[in-house]
Amino acid sequence: MGRPGLNRRQLLAGMGGLTVAGSLGFAALGTGADALASGADTRVRYWNLFSGGDGYNMIEMLDSFRAEHPGIEVKDSTLQWGSPFYTKLAMAAAGSRAPDLGVMHLGRVTGFSPGRLLDPWDTGLLAEYGVREADFNPELWKRAVIDGRLYALPLDIHVQLCFYRKDVLKRAGLLGDDGRMVPVTSTDEWFDVLKEARKATGKGLQTIGLWLNDQNFQWWFFVAFYTQLGGTWFDDARTEVTFDTDKATRVLEFLRRHITDGYADPNFGGGAGAEQFVNGSPFVWEGNWSVPVFDSAKIEYGATPLPPVFGAPATHAESHAFVLPHQAGRGGATDEAAHRLAAHIVRHARQWAAGGHIPAHTPTLSSDAYRKLNPQSEYVSAMDHQATEPKVWFAGSTGILAQRVGPVVVSSTTGSARPGAAADRMKSTLARLLASKNPMDGRTAAQGGAAA
């Protein structure tokens, strides 16, 4: 199963700046019984981080599995999203207390010391349960492979989207005959669209909501547009920074212009953009998880990937993926049941798509049931144009990269730093991170074996 596992004391000593104390406040809300259900002869302990609508959808999918597999009891626990979840999962894997199945953001897998804190999937066993590499987008599958072995089984991708109000855009003449927003292929076209939309916008409403002061959203938007420009981060060996400050400056200037031209109001912070969108603002850039929120508001809206203003289409994407936290002597009936459970959920992700996520399982994407979903079917092309963070240990959702570079993007967008200076600062930050060691295993990115 790879290199020897870290023990609990080594892990706590090595995690340094990570929020170990946060694990003390995790919430575990299991729906399964502590004892095996009547008639069940195998139990799978499953940890996830899904709350709200995602949590309800996951429970429905688990209940469906239970009904079809009465011999397998699923003991599921929902833990606090973010750093507390990852800390708790790492400590459990290092201390021989790991669950049989877990969920992670795919971008975090490289930093989770695969082979020490994660065990690889048995792809032959997955195939027996109906899940094969051919059923996934090739780039998505590649991201889940470390040192030639599959360490994550993608469930979905979740993306940043451009939500638009059809009623406002129709008044502005920005709705096509197909009922969708007119296509945009350049920054000039995009700002022309905003100019016309503003004329049709009610008083007291901004033209677009952009989460201006949020380091995560601003970072995600940057990743999307920097990828559209063909920007890179590091060389293949992960020894040199290839970050292009000229391209980065163009992106930062583009984001900043939304404020300077008066389309986005810095006084509307946090989730106010979504609230204004419900009240009549024409645009908001949000994650696809907002689909249930806007559906419940009973407004007529659409959603597309972030506009390809720099030419090549690309929108920021992350992925929820199933993982096997390290267990000494993993195998047997419980491990087989964990493989069966993950494969079942991946193959029956139509329910998951109701939460706005794009299922990773391509046969599900091509099904009539998925094609009937709106606006999900409008932005499904994002699967083929994913803008992702670099495959290094410090990347991924709530990761160190976003924590260090995200505030720099915010400083440029909101005007406290010049875009060019912010780009230089981003590059120097990337250089420091590249040379730093992963607290999970003491290795730099170059030593971490991230090649697929």
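**Second largest pocket and some backbone outliers**

The second largest pocket has a volume of about 500 Å³. Terms first. A pocket is an open set of points on a 1 Å grid over the protein atoms alone, where a 1.4 Å probe fits, with protein on both sides within 12 Å along at least five of seven lines. Volume is the space filled by probe spheres set on the points, which are joined across faces, edges and corners.

This is a predicted model: local features need pLDDT of at least 70, side-chain atom pairs count only at pLDDT 80 or more, and totals for chains, interfaces and linings use all residues. Residues are numbered from 1 along each chain as its sequence is written, and side-chain values use heavy atoms, leaving out hydrogens and water.

Now the lining. It has 24 residues, each with an atom within 4 Å of a point. Nearest the centre lie Asp54, Trp81, Trp289, His320 and His357. Helices H2 (52-68) and H8 (215-228) each supply at least two lining residues, as do strands E8 (156-165) and E12 (315-318). Helices (H or I, at least four residues) and strands (E, at least two) are DSSP runs, numbered from the N terminus.

Next, the backbone. Most residues other than glycine have a negative phi, and most peptide bonds are trans. Asn374 and Pro375 are joined by a cis bond, omega about 5 degrees. Pro375 sits in the loop between helix H15 (368-371) and strand E15 (386-387).

Ser96 has a positive phi, near 60 degrees. Ser113 has one too, about 50 degrees. Which is buried, which exposed? Ser96 is exposed, at 69% relative accessibility. Ser113 is buried, at 1%. Buried means under 20% relative accessible area, exposed over 50% (1.4 Å probe, protein chains only).
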